[in-house]
Amino acid sequence: MLGLVLLAGITVLFVTGLVSYAAYNPGLSRVNDMTPDKGLLGFYLFAWPTGPVWLYRLTQGVHVTLGITLVPVLLAKLWSVVPRLFTLPPARSLAHALERISLVLLVGGGLFEFTTGVLNVQLDYVFPGSFYPLHFYGAWVFFAAFVAHAALKTPAAVRAVRRRRQEPNDLVAPRPDAPTVSRRGALGLVGGGSLLLFLTTVGQSLGGPFRRTALLAPHGTADPGGGPNGFQINKTAAYAGITAADTHEDAWRLVVTGRTGTVRLSRAQLLQLPQHSASLPIACVEGWSTADQWWRGVRLRDLAALVGYDGDPPDVLVESLQRHGAFRRAALRANQVADGRSLLALFVNGEELSPDHGHPARIIVPAAPGVLNTKWVARLTFGDL
């Protein structure tokens, strides 16, 4: 039973993980590619669409919530087979030896993927190196072992479920201790644990009044503060090293570069350009998301037109005032630039952006991962990347 649940659940986790990685458009530019030398492992990459606007919110919400929900199932499965991991002799034949080696990769890879995933959700980066390549390559190792193991064991699992009322002889202990819990009780305990984790996690993806139920998620409390800028963030201006001197109207200029050269625009000059609005959420790789917010600013395709791209706009490299840390630079595909809802936002919910939400200007793109919605934008470079 546990194996069949993991067979379905881990397959969904792997697919949604690949989808999440594709959403970063790593094939677009090296600044987006967090997994160098991926080779054939990048075969699935495609241009990430801009609609529906809740697409990444859904796929990553499923990935994170399902992963946490499966933790009790994984632990119970490992607990149920621990004695078999130490049976002697370790290898009775070549085929048995290969199966045992695959178990090392399966158990080790499973624990590694679930541990790094949970730590990332909790914003606890205690592991060495970057989360992105560690989780990416670990997923391929784990899933390869998982597929091999599933091919060997799924027929036996199906047969066992069909004969679940019969006691398999190989599971009868020769000198059993006094009964403690039945198998039905054990399954109920695992199912109850998974349900509890689901109920205390899923609210961070649903947002709104459900956010308060996500007790185990960093973004599971009520929205911070109040007013138009009172919604969740990952990175404050102070954390990013952004000061008032950097964003003061006398100092800050947006540098836009393209086919016909470079223009420098103050915030006042941006306000003189045609303004457009879009209702869009922010969804992050940790599985949390906001409700739709009303953003207002200049369309990216209008900024591209200022530097010589009157027709179909090209890709764009976005650079932030942030001096250190990941994703202070991000690349967007031409289809994202061309979408009329993709904005250099100056306002949110009718009010100027707060420093923590990216004042004086930030990117907001439909269906894009949160880290690609760059805050404190300083430079836009249009062209094929």
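Start by selecting W376: at 1% relative accessibility it counts as buried, where buried means under 20% relative accessible area, exposed over 50% and partly exposed in between, with a 1.4 Å probe and protein chains only. Its phi is near 55°, a positive value in a residue other than glycine. W376 is found in the loop between β9 and β10; helices (H or I, at least four residues) and strands (E, at least two) are DSSP runs, numbered from the N terminus.

A word on what you have open: this is a predicted model, in which local features need pLDDT of at least 70, side-chain atom pairs count only at pLDDT 80 or more, and totals for chains, interfaces and linings use all residues. Residues are numbered from 1 along each chain as its sequence is written, and side-chain values use heavy atoms, with hydrogens and water left out.

**Into the sheet**

From W376, step on to strand β10, residues 377–382. Which strand pairs with β10 over five bridges? That is β5, running in the antiparallel sense; two strands pair if DSSP finds at least two bridges between them. To see one of these bridges, pick S320, whose partner in β10 is V377.

Now colour β6, residues 329–332, which is antiparallel to β5 and joined to it by four bridges. Click V318 and you'll find A330 as its bridge partner in β6. Switch on the surface, too: four of the five residues of β5 are buried.

**A buried aspartate**

Back up to D315, in the loop between α11 (300–306) and β5 (316–320). Which side chain of opposite charge is nearest to D315? It's R333, 5.7 Å away, and buried D315 has no salt bridge. For the charges, Lys and Arg count as positive and Asp and Glu as negative, while His and the chain ends are not counted. A salt bridge needs a side-chain nitrogen of Lys or Arg within 4 Å of a carboxyl oxygen of Asp or Glu.

Draw a distance from the D315 side chain to the backbone nitrogen of L385: one of the side chain's polar atoms lies 3.3 Å from that nitrogen. Then show the neighbours of D315; beyond four places in sequence, its contacts (heavy atoms within 4.5 Å) include L28, L332, V337, T381 and F382.

**The annotated stretches**

Select 247–382 next, which the unreviewed UniProt entry annotates as "domain: Oxidoreductase molybdopterin-binding". This span is 13% helix and 35% strand, with its end C-alpha atoms 23 Å apart. The UniProt positions follow the numbering used here, feature names are shortened, and annotations may be inferred rather than shown by experiment.

The unreviewed entry also lists residues 62–82, 103–122 and 134–152 under "transmembrane region". Residues 134–152 are 100% helix and 0% strand, and the end C-alpha atoms are 27 Å apart. For residues 62–82, it's 95% helix and 0% strand, with 29 Å between the end C-alpha atoms.

Zoom in on F142, in helix α5 (residues 131–162). Is F142 buried or exposed? Buried, with a relative accessible area of 7%. Leaving out residues up to four places away in sequence, F142 touches I10, L106, G109, G110 and E113.

**Backbone oddities**

Finish with the unusual backbone. N25, in the loop between α1 and α2, has a positive phi of about 50° although it is not a glycine. At 1% relative accessibility, N25 counts as buried.

Two cis peptide bonds round things off. One joins G51 and P52, with omega about -5°; P52 is in the loop between α1 (2–23) and α2 (55–69). Another runs from H359 to P360, with omega near 15°, and P360 lies in the loop between β8 (351–352) and β9 (362–364).

Notes: A polar contact is a pair of N or O atoms within 3.5 Å; within protein, one must be able to donate a hydrogen and the other to accept it, and residues adjacent in sequence count only if both atoms are side-chain atoms. Contact means heavy atoms within 4.5 Å.
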